[in-house]
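Q: Could you take me on a close look at one part of this model, the small strand pairing and the loops beside it? I would also like to see how that part connects to the ligand and to the rest of the fold.

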Amino acid sequence: MKLYGLPGACSLVDHITLQWTGQPFEYEIVPRAGLKTAPFTDINPMGAVPVLVDGDVTLTQNVAILEYIAEQYPQANVHGGTTARARAEARRWLALLNSDVHKTFSMLFGATRMVSTEAAQDELRKTASDRIKEMFALINKRLEGREWLGEARSVADAYLYVILRWAGAFKMDLSAFPNLQAHFARMQADKGVQAALAAEGLK
Ligand SMILES: N[C@@H](CCC(=O)N[C@@H](CS)C(=O)NCC(=O)O)C(=O)O
């Protein structure tokens, strides 16, 4: 398998998951300047990472890629458990992180592309930050008394870790969310996470 990514972007979720499988894979950084042009747009017309190529299978979209990796390597147990209920629970958190939290972060990353005046950009950033904090409160509550979002560690935990890195980059105050901070520390100490960070030139 070959994963195309950008250091620290959401592709880091897939990169961590591949590390957790313990199986060989390739990782290639897509230069930012090459994201929206061929040859990269030939594999993903959206001009976005992640992209996973496995033989004649080319996949885009985190959720599809993460499910594919989990199903190719069931022994890695990155689905969040063995029962349908446990897996659904892990998927529920994955969906919240990918569809809601990530998308709201996109407003912080892309405020200048979305609205033109500085006042509108500030308002957008404030609204997005407030919404993210509401969702962080929900996730913090879920993590009360538990180590992982699902019954067992899963791809959702890798997603939360990457999102919390973004929160750090935006200097968001997470002091009201001790369970998020503990989750971040747990992930940061993980060997697979450390290997993915090192390969992306990150700490
Ligand atoms: N819905 C997509 C979102 C992918 C996405 O937002 N990728 C970002 C990095 S986190 C990207 O490549 N952005 C480059 C750009 O569009 O400029 C997924 O889950 O894979």
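A: Leu3 stands opposite Leu52 in strand E3. That pair belongs to the antiparallel pairing of strand E1 (residues 2–5) with strand E3 (residues 51–54), which has 3 bridges. Please keep in mind that this is a predicted model.

E3 also pairs with strand E4 (residues 57–60), again in the antiparallel sense, through 4 bridges. Going along E3, Val51 has Thr60 in E4 as its bridge partner, and Val53 has Thr58. Between the strands of this E3 and E4 hairpin there are 2 residues, and Gly55 takes a positive phi near 60° there.

Now for the loops on either side. Just before E3, Pro50 sits in the loop between H2 and E3, and the peptide bond from Val49 to Pro50 is cis, with omega near 0°. A cis bond is also found between Ala38 and Pro39, where omega is about 10°; Pro39 has its place in the loop between strand E2 (26–29) and helix H2 (40–43). After E4, the loop that leads to H3 holds Gln61, whose phi is positive, about 80°, although Gln61 is not a glycine. These are worth a glance because most residues other than glycine have a negative phi, and most peptide bonds are trans. Gln61 counts as partly exposed because 15 other C-beta atoms lie within 10 Å, under the 20 that a buried residue needs.

A positive phi also turns up at Asn77, near 50°, in the loop between H3 and helix H4 (84–109). Asn77 is partly exposed too, with 15 C-beta neighbours inside 10 Å.

How does this part meet the ligand? Val49, Pro50 and Gln61 are among the residues around the ligand, which also include Leu6, Ala9, Cys10, Leu35, Gly47, Ala48, Asn62 and Asn98. By class, that shell has 7 nonpolar, 4 polar and no charged residues, which may be handy to know when you set up the site.

From Asn62 you can step on to Val13: the contacts of Val13 include Asn62, Leu66, Val155, Ala158, Tyr159 and Val162, leaving out residues up to four places away in sequence. Val13 is one of the residues with the most contacts inside the largest nonpolar core, a set of 49 residues; Val155, Ala156, Tyr159, Leu160 and Ile163 are the others named there. Helix H7 (residues 155–169) gives the most to this core, 10 residues, and at least three residues come from each of domain 1 (2–77 + 193–199) and domain 2 (84–190).

Leu160 is found in H7 and counts as buried because 27 C-beta neighbours lie inside 10 Å. Although 147 residues separate Leu160 from Val13 in sequence, their C-alpha atoms are 8.6 Å apart. Beyond neighbours within four places in sequence, Leu160 is in contact with Leu97, Ile139, Leu149 and His183.

Finally, the two domains themselves: their C-alpha centres lie 20 Å apart, and 13 residues of domain 1 are in contact with 13 residues of domain 2. On the domain 1 side, helix H1 (11–21), helix H3 (62–72) and helix H9 (191–199) each give two or more residues. By class, this side has 8 nonpolar, 5 polar and no charged residues.

How values were computed: Residues are numbered from 1 along each chain as its sequence is written. This is a predicted model: local features need pLDDT of at least 70, side-chain atom pairs count only at pLDDT 80 or more; totals for chains, interfaces and linings use all residues. A nonpolar core is a set of buried Ala, Val, Leu, Ile, Met, Phe, Trp, Tyr and Cys residues joined through C-beta atoms within 7 Å. A residue is buried if 20 or more other C-beta atoms lie within 10 Å of its own, exposed if 12 or fewer, and partly exposed in between; C-beta atoms are placed from the backbone. Domain bounds come from an automatic or database domain assignment. Two residues are in contact if their C-beta atoms, placed from the backbone, lie within 7 Å. A residue is near a molecule or strand if its C-beta atom, placed from the backbone, lies within 6 Å of it. Ala, Val, Leu, Ile, Met, Phe, Trp, Tyr, Cys and Pro count as nonpolar, Asp, Glu, Lys and Arg as charged, and the others, Gly among them, as polar. Two strands pair if DSSP finds at least two bridges between them.
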